[in-house]
Amino acid sequence: MLLKPSSTPLVGIDISTSSVKLIELSKSGGAYKVESFAAEAMPVNAITDKVIMDLDAVGEAVRKAVKRASPHTKYAAVAVGGQVMTKTIQMPASLPDRDLGEQIELQADQYISQPLEEVAFDYEILGISQADPDLVDVLLVAARKENIEKLQAVLEVAGMNAKVVDVEVYAVENACKLLTHQMVDEGLDRTIGLVDFGAAATTFSVLRDRKIIYSHTADFGGKVLTDEIMRHYGLTYDEAGKAKKEGGLPNNYKVEILDPFMDDMAQTVNRSLQFYQSSTSEHQHLDQIIVCGGCAAIPGAAERISEKLNTPTLVGNPFGRMKLSSRAKSQMVENEAAALLVACGLALRSFD
Ligand SMILES: Nc1ncnc2c1ncn2[C@@H]1O[C@H](COP(=O)(O)OP(=O)(O)OP(=O)(O)O)[C@@H](O)[C@H]1O
Ligand SMILES: [Mg+2]
């Protein structure tokens, strides 16, 4: 079920640290339309390190989001968190597809470090290997069965079914087709940094010609800012989260807390970029940076990154070229678009 293409209409549900985000898309004449949408806050610590910890709390958040959006289908595409292994391996091009599957299964324990009975794995044939035309590149993906079962359990509470279980970075890659209108030369023959600043993690990906060629996740996100606000002003998690978005904090907030946090955002991107640059000799220079995720909505954050990294930076908007149904429009909050990239990528699995 991991990665497998789907021809069923699906709702993309991003079950993440700070919230559940649900998007249903339709497509006509090459254009997408948001049919339904909902976001529902996730209680603190219900998900940690991208793994579901509190099945009841997460199930309830998903149930509320589904109820509010009331999508047209009960089938969902979700992304599995926690330790996910992805690896590109080479197999003989001459093997028929069926034998390829068998061969990969037989060899899987060479590539997967965890006990095989504890992991679910899947593969996708990427195409003829550049290094050798007699070989094909095969993408192997493995995730803990337990984490997939937890996803299924929380969807069940909402009366939904997991039809596709994806990996977050592939959902992001898929969603990039919704950002091409913001890319230099629509991303063709360009090297673009795409940053997803979430609550718990920040993922920096390098896109070359619209495909992800590098990805690095750092332990940094909006939670750092929430914790700092809670500590500094003696607020609860919910109060701090609200104050971040709606303002009302004392005057020293900007200089003492927000500014240093934005510097940390830029520093996180810079460090990931250095990791990337030390891993390759090609395409080292970024033509552009696109920032997404909830923290991308912080006014001035994109400008700060642009200054510090000396690279044009903008906030991604996957809905720039889309229509919104009036129902979806009434649910969507201004500024929220950039946080919905993963949910959009998952929703796009309907059209694979
Ligand atoms: N307008 C805003 N100003 C400041 N911070 C914001 C704003 N909007 C959202 N955030 C912050 O962004 C974070 C949520 O972003 P996002 O929804 O991308 O995270 P997530 O997907 O839940 O987390 P993760 O991907 O790490 O699991 C929260 O820390 C939230 O407080
Ligand atoms: Mg996220």
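D185 sits in the loop between α4 (168-175) and β11 (191-197). In this predicted model, D185 has a positive phi of about 50° although it is not a glycine. That is worth a second look, because most residues other than glycine have a negative phi. Is D185 buried or exposed? With 11 C-beta neighbours inside 10 Å, D185 falls under the cut-off of 12 or fewer, so it counts as exposed.

S70 is another residue of this kind: its phi is positive, about 40°, and it is not a glycine either. You will find S70 in the loop between α1 (55-69) and β6. S70 is exposed, with 10 other C-beta atoms within 10 Å. Here are the two residues next to each other.

| Residue | Phi | Loop | C-beta atoms within 10 Å |
|---|---|---|---|
| D185 | about 50° | between α4 (168-175) and β11 (191-197) | 11 neighbours |
| S70 | about 40° | between α1 (55-69) and β6 | 10 neighbours |

**The sheet**

The loop that holds S70 leads to β6, which is a good place to pick up the sheet. What is the order of the strands in this open sheet? Its 6 strands run β10-β6-β1-β2-β3-β16, and the pairing is mixed. β10 (161-167) and β16 (323-324) stand at the edges with a single partner strand each, so one side of each has no neighbour in the sheet.

Strand β6 (residues 75-80) is joined to β10 by 6 bridges, and the two run parallel. Among the paired residues, V78 has V165 of β10 as its bridge partner, and A79 is matched with D166 in β10. β6 also pairs with strand β1 (residues 11-15), again in the parallel sense, over 2 bridges; here G12 has A77 of β6 as its bridge partner.

How many residues of these strands are buried? In β10, 6 of its 7 residues are buried, so this edge strand is mostly covered. β6 is mostly covered too, with 5 of its 6 residues buried.

**The ligand shell**

Turning to ligand 1, 23 residues surround it. The closest of them are S16, S18, G198, G222 and G294. Which helices supply at least two residues each to this shell? They are α5 (222-233) and α6 (237-246). By residue type, the shell around ligand 1 divides into 12 polar, 7 nonpolar and 4 charged residues.

**The chain as a whole**

Stepping back, the protein chain has 10 helices and 16 strands. Its radius of gyration is 20 Å, close to the 20 Å that the globule rule gives for 352 residues, so the chain is as compact as a globular protein of that length. Along the principal axes, the C-alpha atoms fill a box of roughly 65 × 50 × 45 Å.

Of the 352 residues in the protein chain, 41% are buried. Contacts also reach far along the sequence: among those between residues at least 6 apart, 69% join residues at least 24 apart.

The chain is divided into two domains: domain 1 covers 84-145 and domain 2 covers 180-316. How far apart do the C-alpha centres of domain 1 and domain 2 lie? The distance between these centres is 33 Å.

Note on methods. Residues numbered from 1 in each chain as written. Chains lettered and ligands numbered in written order. Predicted model: local features only at pLDDT ≥ 70, side-chain atom pairs only at ≥ 80, totals over all residues. Domains from an automatic or database assignment. Near = placed C-beta within 6 Å. Helix = DSSP H or I, 4+ residues; strand = E, 2+ residues; numbered from the N terminus. Nonpolar A, V, L, I, M, F, W, Y, C, P; charged D, E, K, R; others polar. Rg over C-alpha atoms; globule rule 2.2 N^0.38 Å. Buried ≥ 20, exposed ≤ 12 C-beta atoms within 10 Å, placed from the backbone. Contact = placed C-beta atoms within 7 Å. Pairing = 2+ DSSP bridges.
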